[in-house]
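Student: I am new to this structure, and I would like to understand how its descriptions are reached. Could we take the terms step by step and set each value against its definition?

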Amino acid sequence: MSTASLALRYALFAVIATVTNLGTQRIVLSFGDSGGVFAMAVAAGTLVGLVVKYVLDKRWIFFDQSTGVKAHSRKFALYTAMGLVTTCIFWGSETAFWLIWGTDLMRELGAILGLMVGYVTKYMLDRRFVFTDDRLQAEGT
């Protein structure tokens, strides 16, 4: 697969995960607008986006063929760990926009910008640390 095709596919999956993330947040935020509800919305959206992105990346970006609970548990744990740093980028950006402007539109803009930076960083980390066996096999080494 060409680099351009891979980048396009990765971008599409990032959009899908972003939409599911923000959609989940909107559902949770419909229960109130307190700081606690906001924190729950961000956490729930992040979890849903993480699972969606993992499933898509595993199969269609890194072409991971591993099966079984042990393999999935290990890779999902590593995938999640790599996401901790990038989640801080996302949460920090979203929260800063919310605190500065106090509107849902600006909160979502901050989330989108944070997710964009986070996803680029996450791809590099996942390629290097999570899906290493599959990449080496695909490259024939």
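Student: What makes the lining of the largest pocket nonpolar, polar or charged by class?

Tutor: Sorted by class, that lining has 12 nonpolar, two polar and no charged residues. The classes are fixed beforehand: Ala, Val, Leu, Ile, Met, Phe, Trp, Tyr, Cys and Pro count as nonpolar, Asp, Glu, Lys and Arg as charged, and the others, Gly among them, as polar. This is a predicted model, in which local features need pLDDT of at least 70 and side-chain atom pairs count only at pLDDT 80 or more, while totals for chains, interfaces and linings use all residues. Residues are numbered from 1 along each chain as its sequence is written, and side-chain values use heavy atoms, with hydrogens and water left out.

Student: What is the volume of the largest pocket, and which residues are closest to its centre?

Tutor: Its volume is about 350 Å³, and of the 14 lining residues the closest to the centre are Y10, A11, A14, Y119 and V120. A pocket is sought on a 1 Å grid over the protein atoms alone, as an open set of points with protein on both sides within 12 Å along at least five of seven lines, whereas a cavity is a set where a 1.4 Å probe fits but cannot get out; lining residues have an atom within 4 Å of a point. Grid points are joined across faces, edges and corners, and the volume is the space filled by probe spheres set on the points.

Student: Which elements give two or more residues to that lining?

Tutor: They are α1 (3-29) and α4 (104-130), and α1 gives the most, with eight residues. Helices (H or I, at least four residues) and strands (E, at least two) are DSSP runs, numbered from the N terminus.

Student: How do you know that D57 and K53 form a salt bridge?

Tutor: A salt bridge is a side-chain nitrogen of Lys or Arg within 4 Å of a carboxyl oxygen of Asp or Glu, and the side chains of D57 and K53 meet at 2.7 Å, N to O, so the pair qualifies. Both residues lie in helix α2 (residues 35-60), four residues apart, about one turn of the helix.

Student: Why is D57 called buried?

Tutor: Buried means under 20% relative accessible area, exposed over 50%, and partly exposed in between (1.4 Å probe, protein chains only). D57 has 0% relative accessibility, so it counts as buried, and K53, with a relative accessible area of 2%, is therefore buried as well.

Student: Why are D104 and R107 described in opposite words, partly exposed and buried?

Tutor: D104 has a relative accessible area of 49%, so it is partly exposed, whereas R107, with 1%, is buried. They form a salt bridge, the closest N and O atoms being 3.7 Å apart, and both belong to a network of salt bridges that links R26, E94, D104, R107 and E108.

Student: What makes L109, I112, L113 and M116 a nonpolar patch?

Tutor: Patches are made of residues with over 30% relative accessible area and no salt bridge, like charges being joined within 9 Å and nonpolar side chains (Val, Leu, Ile, Met, Phe, Trp, Tyr) within 5 Å. I112, in helix α4, has a relative accessible area of 35%, so it is over that limit. Together the four residues have about 330 Å² of accessible area, by the Shrake-Rupley method with a 1.4 Å probe, where for residues only the protein chains shown count as cover.
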